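Student: I'd like a close look at one part of this protein, the aromatic packing inside it. Please also follow the trail outwards to whatever lies beyond.

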Amino acid sequence: MAEHIESNLLQILSLTIEDCLGCEKEYLKFSQVDNVHLLLYNLDKPNGTMPSSPLIVTPVGHALQLMCGMEYANAESLRRLPQLEIGKGSVGMTFKLERLGGISVQYDPDPDSDLDMEPSTSKQARERQERRNQQKQQMRARRQMIYDVNVHRRFDDVHRLDSIKFQINLGDWREVSVAEFHNIFFVQPPHTSDLVRSVHQDCAINWLKIIQADASSYSNFRDGNPFDTFAKLLERPDDDQQKLLKRLANNFLVANETTRLTERRFLLHIFDQVRCIFEYITINEYTVWFFVPRLNRYTALDQVSVDDFDFRNVRTSIKLTRDETDCFWHRADHNIMDILLVAFQMALAHIARQSVLFLGQLEKLSEFVCLQYATASFMNSIHSKDASNSTKWFYLRYLHRIIELSETLGLVVFIEYPGAMTLLPENRQVIKCVQRRDMKTGAISWQVGEDVTKIAGSGIQRLKEAIDLK
């Protein structure tokens with residue numbers, strides 16, 4: 001994960017897909033007023049079944065991952081993407097980045113590179129100094145500016161599958177590795193999508209298994225990085241070997257203990273963030289409790305510290321706030337399980353200042369929301385005929401709450417959502433992806449385009465007319 005401490009403002013403007021991912025040639029523009037983008041999709045389900053979909057299913061989501069993520073950074077990982085045919089096609093995008101700390105691209109000239117040590121007149125020396133001052137002012141001005149970046153990644157050359165080209169402010173094109181490109185522009189998540197998906201399917205009880213970092217977690221220590229202190233001990237070759245080994249062992253124990261306590265505090269912070277996000281999305285109808293066993297059960301509660309927690313056997317309990325009934329994670333309704341997964345992803349992305357977050361696998365949540373909306377509409381239609389009955393049926397806009405919170409947290413999010421009912425306000429810009437399957441060959445293609453959300457009530461009205469409900 002790139003360790004950028006600067007303030008970033010990222011805005012993805014457009015996307016191009018050419019001859020890959022099931023698309024011939026598609027060009028899409030994203031809304032410039034939203035940082036949360038909705039990718040609505042319809043899958044061609046064979047025999048009316050829902051296939052087990054990966055985290056990302058649309059060509060738009062995959063194309064963005066190929067450039068904004070590290071999941072497919074080399075040839076080996078690209079071959080694990082079944083929708084991509086190696087040997088043809090390319091993807092491209094444009095984005096705008098504002099970074100207070102500038103970007104680490106070696107385009108800036110060295111202001112002292114023209115430093116001439118040869119004798120010169122006072123006029124020549126003054127002119128050289130003025131040029132250096134101007135270059136330094138330009139470099140300081142670039143410390144806070146907006147970068148317009150064009151990106152292009154090709155898959156038709158097998159020798160360049162791990163490289164990507166980019167252009168800054170219409171300057172020269174530069175080709176670098178995917179890893180170097182992301183180190184320049186993006187902050188990567190402290191977990192991988194594959195890890196989140198495997199935990200979602202196989203490790204539902206213990207959520208600690210997704211709290212893993214792909215990079216150093218020790219940059220924020222108050223007393224500095226303990227491993228730096230550890231390494232400095234090796235810079236004293238003249239010391240007595242016995243003393244050196246003693247200091248090495250001591251610093252190793254200190255570093256290990258500091259790391260352990262820091263990670264425990266981080267986990268508690270994650271749990272608190274997840275609880276707040278989960279309660280907001282569910283409109284405080286549900287809350288989540290994390291039961292952490294104690295290592296020393298006989299210690300008084302007022303003496304318990306973070307050191308006494310056993311994080312190897314955490315139990316997750318989802319509770320209804322109105323009657324305080326609870327159930328363990330793996331026994332909860334599937335739509336609530338999906339929301340808790342989303343809460344974890346959003347909490348990790350917010351804490352890590354992740355550049356781009358992808359949310360998917362929301363089929364069960366979509367089915368629940370659609371059924372709840374349809375039920376409420378029909379029941380309210382029936383009760384409206386009885387003037388003495390004031391009962392009102394309600395439905396919950398979970399997707400709307402996810403989008404609201406993402407915008408509040410300043411996250412750039414792409415949400416893949418089954419294209420049934422979003423229940424979002426009218427005329428919100430969305431991207432629609434419709435899957436087509438050739439009946440003869442079985443080949444899959446995608447129809448992609450820009451659209452806006454419609455009033456959900458129109459679909460319900462057509463359903464009422466079809467069953468003659470007046």
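Tutor: We will start with one pair of rings, widen the view to the cores, and finish with strands and charged pairs.

A word on ground rules: this is a predicted model, where local features need pLDDT of at least 70 and side-chain atom pairs 80 or more, while totals for chains, interfaces and linings use all residues. Numbering runs from 1 along each chain as its sequence is written, and side-chain values use heavy atoms, without hydrogens or water.

The whole structure holds twelve aromatic pairs (Phe, Tyr or six-membered Trp rings with centres within 6.5 Å; stacked under 30 degrees, edge-to-face over 60, otherwise tilted). One of them joins Phe181 and Phe185, whose ring centres are 5.1 Å apart and whose planes meet at 50°, a tilted arrangement. Both residues belong to helix H4, residues 178-185 (helices are DSSP runs of H or I, at least four residues, and strands are E runs of at least two, numbered from the N terminus). Within H4, Phe181 and Phe185 are four residues apart, about one turn of the helix.

Neither ring of this pair has much contact with the outside: Phe181 is buried at a relative accessible area of 0%, and Phe185 is buried at 1% (buried is under 20%, exposed over 50%, partly exposed in between, with a 1.4 Å probe and protein chains only). The pair is also part of a wider group, as ring pairs link Phe95, Phe166, Phe181, Phe185 and Phe186 into a cluster.

Two members of that cluster turn up again in the largest nonpolar core, where Phe95 and Phe185, along with Val60, have the most contacts. This core numbers 52 residues (buried Ala, Val, Leu, Ile, Met, Phe, Trp, Tyr and Cys joined through side-chain atoms within 4.5 Å). Its biggest contributor is helix H1, residues 59-68, which supplies six residues. Apart from it there is a second core of 49 residues, with Ile277, Val342, Ala349 and Leu362 among its members.

Now to a strand. Strand S3, residues 36-42, is largely enclosed by the rest of the structure because six of its seven residues are buried. S3 pairs in the parallel sense with strand S12, residues 412-418, over six bridges (pairing needs at least two DSSP bridges). Val36 has Val413 as its bridge partner in S12. S3 also runs parallel to strand S13, residues 429-437, to which four bridges join it. There, Tyr41 stands opposite Cys433.

Finally, the charged side chains: the model has twelve salt bridges (a Lys or Arg side-chain nitrogen within 4 Å of an Asp or Glu carboxyl oxygen). In one of them, Asp19 meets Lys88 at 3.9 Å, N to O. This pair links distant parts of the chain, 69 residues apart, with Asp19 in strand S1 and Lys88 in the loop between helix H2 and strand S4. Asp19 is partly exposed at 39%, and Lys88 is partly exposed at 32%. Glu85 joins Asp19 and Lys88 in a network of salt bridges.

Another salt bridge stays within one helix: Asp272 and Arg275 meet at 2.9 Å, N to O. They are three residues apart in helix H7, residues 241-281, so about one helical turn separates them. Asp272 is partly exposed at 35%, as is Arg275 at 28%.
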